[in-house]
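Reader: I would like to learn how to read the packing of helices in a model. Could we go through one together, step by step?

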Amino acid sequence: MSTLTGRNTRTLTGYVATLLDYPRVIIERQVDFTDCHLGGGFDATDTRCSACRYGAACCWLNTNRMAPSPDMPLEELLLALHTAVDYLRTPSDGEARHPGFCECHTCSWLREARGFLRTHRHRT
Ligand SMILES: [Zn+2]
């Protein structure tokens with residue numbers, strides 16, 4: 001965080017936090033905890049969780065269910081954003097991949113989030 005001033009960090013953090021709102025809504029809508037023995041409480045050590053078709057989404061939700069706090073490190077926010085991008089760009093079962101010029105909410109969000117990640121690829 002050495003190259004960023006406090007003001008920029010706050011601005012960036014706020015921006016990423018805002019970007020994370022959309023995947024939170026989408027992922028929460030996609031996962032189905034009806035048959036979950038943990039009621040949606042992801043447990044990384046549970047083999048049923050790692051084998052679950054909602055495992056990745058559930059794991060993400062359990063880390064990012066709440067809006068991030070203002071003092072959350074930018075690296076963590078970028079990682080959460082990265083994971084959300086990877087998740088949303090993968091079409092769900094039976095869904096065709098959207099064309100590159102698609103204007104739906106998910107594709108518009110993906111373009112913005114990936115553009116942001118491209119310009120902030122300072123992680124190792
Ligand atoms: Zn689309």
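Author: Let us start with one helix: the buried residues of α4 are Ala57, Cys58, Trp60 and Leu61, where buried means that 20 or more other C-beta atoms, placed from the backbone, lie within 10 Å of the residue's own. Helices are DSSP runs of H or I with at least four residues, numbered from the N terminus. This is a predicted model, in which local features need pLDDT of at least 70 and side-chain atom pairs count only at pLDDT 80 or more, while totals for chains, interfaces and linings use all residues. Residues are numbered from 1 along each chain as its sequence is written.

Reader: Where on α4 do its buried residues fall, seen down the axis?

Author: They fall within an arc of 160°, so they line one face of α4; the arc is that of the directions from the helix axis to the C-beta atoms.

Reader: Which helices do the buried residues of α4 pack against?

Author: These residues pack against α2 and α5, the latter spanning 74-89.

Reader: How is such a pair of helices described?

Author: Two packed helices are described by the angle between their axes and the distance between the axes. Here α2 (residues 21-30) and α4 (residues 55-64) pack at an angle of about 135°, with their axes 10 Å apart. That makes α2 oblique to α4, a word for angles that are not under 35 degrees (roughly parallel), over 145 (roughly antiparallel) or 65 to 115 (roughly perpendicular).

Reader: Which residues of α2 and α4 meet?

Author: Arg24, Ile27, Glu28 and Gln30 of α2 meet Ala57, Trp60, Leu61 and Asn64 of α4, contact being C-beta atoms within 7 Å.

Methods: Axes are lines fitted to C-alpha atoms, for helices over the stretch in contact, and angles run from 0 to 180 degrees between N-to-C directions. Helices (H or I, at least four residues) and strands (E, at least two) are DSSP runs, numbered from the N terminus. Two residues are in contact if their C-beta atoms, placed from the backbone, lie within 7 Å. A residue is buried if 20 or more other C-beta atoms lie within 10 Å of its own, exposed if 12 or fewer, and partly exposed in between; C-beta atoms are placed from the backbone.
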